[in-house]
Amino acid sequence: MPSRPARNPATAPVSAVIGVDSSTQSTKAAVVDTATGRLLAVGRAPHTVTGQGGARESDPEQWWQALRTAVAAALAESGLDPAAVTGIAVAGQQHGLVTLDAEGRPLRPALLWNDTRSAPQAAALTAALGGENWLNRTGSVPVASMTASKWQWLRENEPATAAATAAVRLPHDFLTERLTGAAVTDPGDASGTCWYDPATQGYDPELLALTGIRADMLSTVAATGATRAGHLTADAARALGLPAGIPVAAGTGDNMAAAVGLGLGAEGLLDHPVVSLGTSGTVFAATRNRPHSALLAGFAATDGTRLPLGCTLNCTLAVDKVAELLGLDREDAVPGGEAVLLPFLDGERTPDLPAASGLLHGLRHDTTRQQILGAAYEGAVVAVLRALEELPLDAPDAPLRLIGGGAKGTMWVETVRRLSGRAVILPDSGELVALGAAALAAGAATGRDPVALATEWGTGEGRKLPAVPRDTATWDRVTSVLDRAAPALLTTHP
Ligand SMILES: Nc1ncnc2c1ncn2[C@@H]1O[C@H](COP(=O)(O)OP(=O)(O)O)[C@@H](O)[C@H]1O
Ligand SMILES: O=C(CO)[C@@H](O)[C@H](O)COP(=O)(O)O
């Protein structure tokens, strides 16, 4: 299995690729044997997220520094001769707005996917064209997370910065440009901007005009599949200690890369759902079916299939915060019983309640701290699984693949099993996004299909846990509180 780093240089592969996962909390770089998919080493570096209230920002220069640190750590750990590295790709947190000057320097910190200050701009964009129209044109109704909403926020709140902006990038294509000098993104991450039409595979000129942005300010969208964005420049090669000129794949958003790592898509599994438990809770599947739900974003996968996805703002960080407030270890939890906790500490996107805060309901004299923590897990999981029910899938009983940092936690796994009533697969590797990026890199290096490569590598394989009876009483209690509280959660306290 490809999950354990190899420390023995004597088994060094002839060719290796590097997959980078630049997510909300950290960068992870995986060095992978191109022939077998064996994970040789992983390097890590943390990110800083700042902001009070609805603001969430990070410095793109820190992502670039973190990428260099993580790659250096992974290479050192692998013991590999860097000359053996034949390709690299970056997958990144989606939607973030990176604004650059003409020299490619960030003009301000990036506005992240979970920054909810752009909620009024999202609502105004939706009202301007109508939600149905947006769904038909981009696959998604604008919410605060979408890049176009963030750009509108910038134009209204920091017009001087917007006017000085020469280029707008997403987190992953900002980093790919640092590697190649080329402004190239991919259909998957482009479909999270609300400027891109997956049907025509191009930016929609009317949507660009509506938000006062020019196509030449955005990255070019690469074709699907094993697409190269370019080659590693001499400067980037020096910064990373890698050979100059190796192919750099177009990369993608983190969720799309996880799909590749799991072997989802036309060349692999279709209609099999995945739940990712990280800062965001996401649920998605590669499918040929068109989604039609306000709870979902109609993203594109990297291989030409669709990747409809539901995303919550409050998952592992929110539940960890509740554990901290209660003075409990995150595993010191039991089912919530009568208690219902909606852990919407950062506002919420699914359902679309950007001004929401956390809500505790059903508290009694005999409620324990462990039940309150269990209720937080239940609230976070129900929000994600409700979006699962909206996915247009042809394999209704397919097992649920569970990934992301939270999948390492027993309470997360058991809560998902209990509330979904589905069999769950826990992939052996904890680094599906980086492995998916590595498959994209190997595709760019060899010309092979990345999903087929990941399937061959077996990176998505893991332990299967059988289905348990669904806890419909808890499901009904949480969804009932959620539906009745939603009108109150639409606004902040007066
Ligand atoms: N053993 C564990 N049990 C439960 N949760 C864990 C464990 N290890 C890490 N996590 C959670 O994983 C999260 C980070 O997951 P990750 O998928 O890397 O996040 P992101 O992609 O948002 O940066 C942390 O917020 C932490 O709560
Ligand atoms: O906004 C979305 C998906 O639409 C998020 O899933 C981001 O892509 C961030 O992911 P994590 O860093 O939480 O994994």
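This section describes the strands, helices, ligand shells and selected residues of one protein structure. The model is predicted.

The N-terminal strands are taken up here at the outset. Strand E1 spans residues 16-22. Strand E1 pairs with strand E2 in the antiparallel sense, over 7 bridges. Within this pairing, Gly19 stands opposite Ala30 of E2. The two strands make a hairpin, with 3 residues between them. Strand E2 covers residues 26-33, and 7 of its 8 residues are buried, so E2 is largely enclosed by the rest of the structure. Strand E2 also pairs with strand E3 (residues 39-46). Again the strands run antiparallel, and 7 bridges join them. Here Val32 faces Leu39 of E3. E2 and E3 form a hairpin too, with 5 residues between them. Gly37 lies in that turn and has a positive phi of about 80°.

An open sheet of 7 strands is found further along the chain. Its order is E18-E19-E17-E16-E22-E23-E24, and the pairing is mixed. Strands E18 (297-300) and E24 (462-465) are the edges, each pairing on one side only. From one strand to the next, the twist averages 25°. In general, strands of a sheet pair through backbone hydrogen bonds, either parallel or antiparallel. Strands E16 (residues 274-277) and E22 (residues 400-403) run parallel and are joined by 3 bridges. One of the paired positions is Ser276, whose bridge partner in E22 is Ile403.

Two helices pack against strands of this sheet. Helix H11 comprises residues 316-326. Its buried residues are Thr316, Leu317, Ala318, Val319, Val322 and Ala323. Their cover includes E16, strand E20 (340-342) and helix H12. Gly327 follows H11 and has a positive phi, near 70°. Helix H13 comprises residues 410-420. In H13, the buried residues are Met411, Trp412, Thr415, Val416, Arg417, Leu419 and Ser420. These residues pack against strands E16, E22, E23 (424-427) and E24. They also pack against helices H12 (369-388) and H16 (472-489). Just after H13 comes Gly421, with a positive phi of about 65°.

The model contains ligands 1 and 2. Ligand 1 is surrounded by 16 residues. The closest are Ser23, Gly278, Thr279, Gly405 and Gly409. Helix H11 gives the largest share of this shell, 3 residues. By class, the shell holds 2 nonpolar, 11 polar and 3 charged residues. Around ligand 2 there are 18 residues. Of these, Ser23, Thr24, Gln94, Thr279 and Ser280 come nearest. Helix H10 and strand E19 (306-312) each supply at least two residues of the ligand 2 shell. That shell has 4 nonpolar, 13 polar and 1 charged residues. Ser23 and Thr279 are among the nearest residues for ligand 1 and also for ligand 2.

Asp254 carries an annotation. An unreviewed UniProt entry lists this residue under "active site". Asp254 lies in helix H10, which covers residues 254-261. The residue has 31 other C-beta atoms within 10 Å and is therefore buried, the cut-off being 20 or more. Beyond residues up to four places away in sequence, Asp254 touches Asp21, Ser23, Ala91, Gly92, Gln93, Gln94 and Val433. One of these contacts, Ser23, is among the closest residues to ligand 1. Ser23 and Gln94 are both among the nearest to ligand 2.

Two loop residues contrast in their surroundings. Gly96 sits in the loop between strands E5 (85-92) and E6 (98-100). Gly96 is buried because 30 other C-beta atoms lie within 10 Å. Apart from neighbours within four places in sequence, Gly96 contacts Ala110, Leu111, Leu112, Trp113, Leu170 and Pro171. From Gly96 to Asn114, the C-alpha distance is 8.6 Å, across 18 residues of sequence. Ala223 belongs to the loop between strands E12 (220-221) and E13 (228-231). With 11 other C-beta atoms within 10 Å, Ala223 is exposed, because the limit for that class is 12 or fewer. Ala223 and Thr302 are 79 residues apart along the chain. Their C-alpha atoms are separated by 8.7 Å.

Notes
Residues numbered from 1 in each chain as written. Chains lettered and ligands numbered in written order. Predicted model: local features only at pLDDT ≥ 70, side-chain atom pairs only at ≥ 80, totals over all residues. UniProt positions renumbered as here; feature names shortened; annotations may be inferred. Helix = DSSP H or I, 4+ residues; strand = E, 2+ residues; numbered from the N terminus. Contact = placed C-beta atoms within 7 Å. Pairing = 2+ DSSP bridges. Axes fitted to C-alpha atoms, helices over the stretch in contact; angles between N-to-C directions. Near = placed C-beta within 6 Å. Nonpolar A, V, L, I, M, F, W, Y, C, P; charged D, E, K, R; others polar.
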